[in-house]
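Visitor: Could you take me through one part of this model up close? I'd like the hairpin at the start of the chain and its greasy surface, and then a look at what sits inside.

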Amino acid sequence: MKQYKINVNGTFYEVTIEEVDASEIKSAAPAQAAAPAAPAAPASGEKVNAPMPGNILAVNVNVGDVVKAGQVGMILEAMKMENEIMIPCDGTVTAVGVTKGATVESGAFLFSIG
């Protein structure tokens with residue numbers, strides 16, 4: 001057995017790895033990691049979630065705004081790149097789940113169009 005110290009997002013873990021023979025390995029389906037819980041989103045309308053983790057640089061929509069498909073709803077900075085989060089359809093903004101400066105995880109609710 002070998003022990004290692006690993007760093008995951010700033011948290012250190014000590015892990016022990018056991019060497020095994022190829023004949024000892026059993027075929028099994030890979031385990032699915034549990035997804036982090038996202039903030040609750042409204043029940044109706046087209047929901048837009050963060051495609052990746054990052055920081056919200058700009059929020060260009062407010063609840064009640066009439067928007068068109070292709071319009072920039074928010075700007076998300078990830079890995080020093082500014083990513084435009086586009087409005088997916090024509091409609092009215094029914095909810096906004098983040099503010100400028102917020103840090104979001106992948107899949108976090110951003111806004112919805114009704």
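Guide: Here is the hairpin, followed by the interior. A bit of bookkeeping before that: this is a predicted model, where local features need pLDDT of at least 70, side-chain atom pairs count only at pLDDT 80 or more, and totals for chains, interfaces and linings use all residues. Residues are numbered from 1 along each chain as its sequence is written, and side-chain values use heavy atoms, with hydrogens and water left out.

Okay, the hairpin. Strand 1 (2–8) and strand 2 (11–17) run antiparallel and are joined by seven bridges. Strands here are DSSP runs of E with at least two residues, numbered from the N terminus, and two of them pair if DSSP finds at least two bridges between them. Across the pairing, Asn 7 faces Phe 12 of strand 2. The turn leaves two residues between the strands, and Asn 9 takes a positive phi near 50° there.

Now the greasy part. Tyr 4, Ile 6, Val 8, Tyr 13 and Ile 17 make up a nonpolar patch on the surface, with about 440 Å² of accessible area together. That area is from the Shrake-Rupley method with a 1.4 Å probe, and for residues only the protein chains shown count as cover. To join a patch like this, a residue needs over 30% relative accessible area and no salt bridge, with nonpolar side chains (Val, Leu, Ile, Met, Phe, Trp, Tyr) linked within 5 Å; a salt bridge is a Lys or Arg side-chain nitrogen within 4 Å of an Asp or Glu carboxyl oxygen. Strand 1 supplies the largest share, three residues. One of the patch members, Tyr 4, lies in strand 1 and counts as partly exposed because its relative accessibility is 40%, between the cut-offs for buried (under 20%) and exposed (over 50%), again with a 1.4 Å probe and protein chains only.

Inside, the largest nonpolar core has 17 residues, and Ile 56, Met 74 and Val 98 are among those with the most contacts in it. Such a core is a set of buried Ala, Val, Leu, Ile, Met, Phe, Trp, Tyr and Cys residues joined through side-chain atoms within 4.5 Å. Strand 6 and strand 10 (109–113) each give two or more residues, and strand 10 gives the most, with three. Beyond four places in sequence, Val 98 is in contact (heavy atoms within 4.5 Å) with residues including Ile 56, Met 74 and Leu 110.

Note on methods:
Helix = DSSP H or I, 4+ residues; strand = E, 2+ residues; numbered from the N terminus. Patch = residues over 30% accessible without salt bridge, like charges linked within 9 Å, V, L, I, M, F, W, Y side chains within 5 Å.
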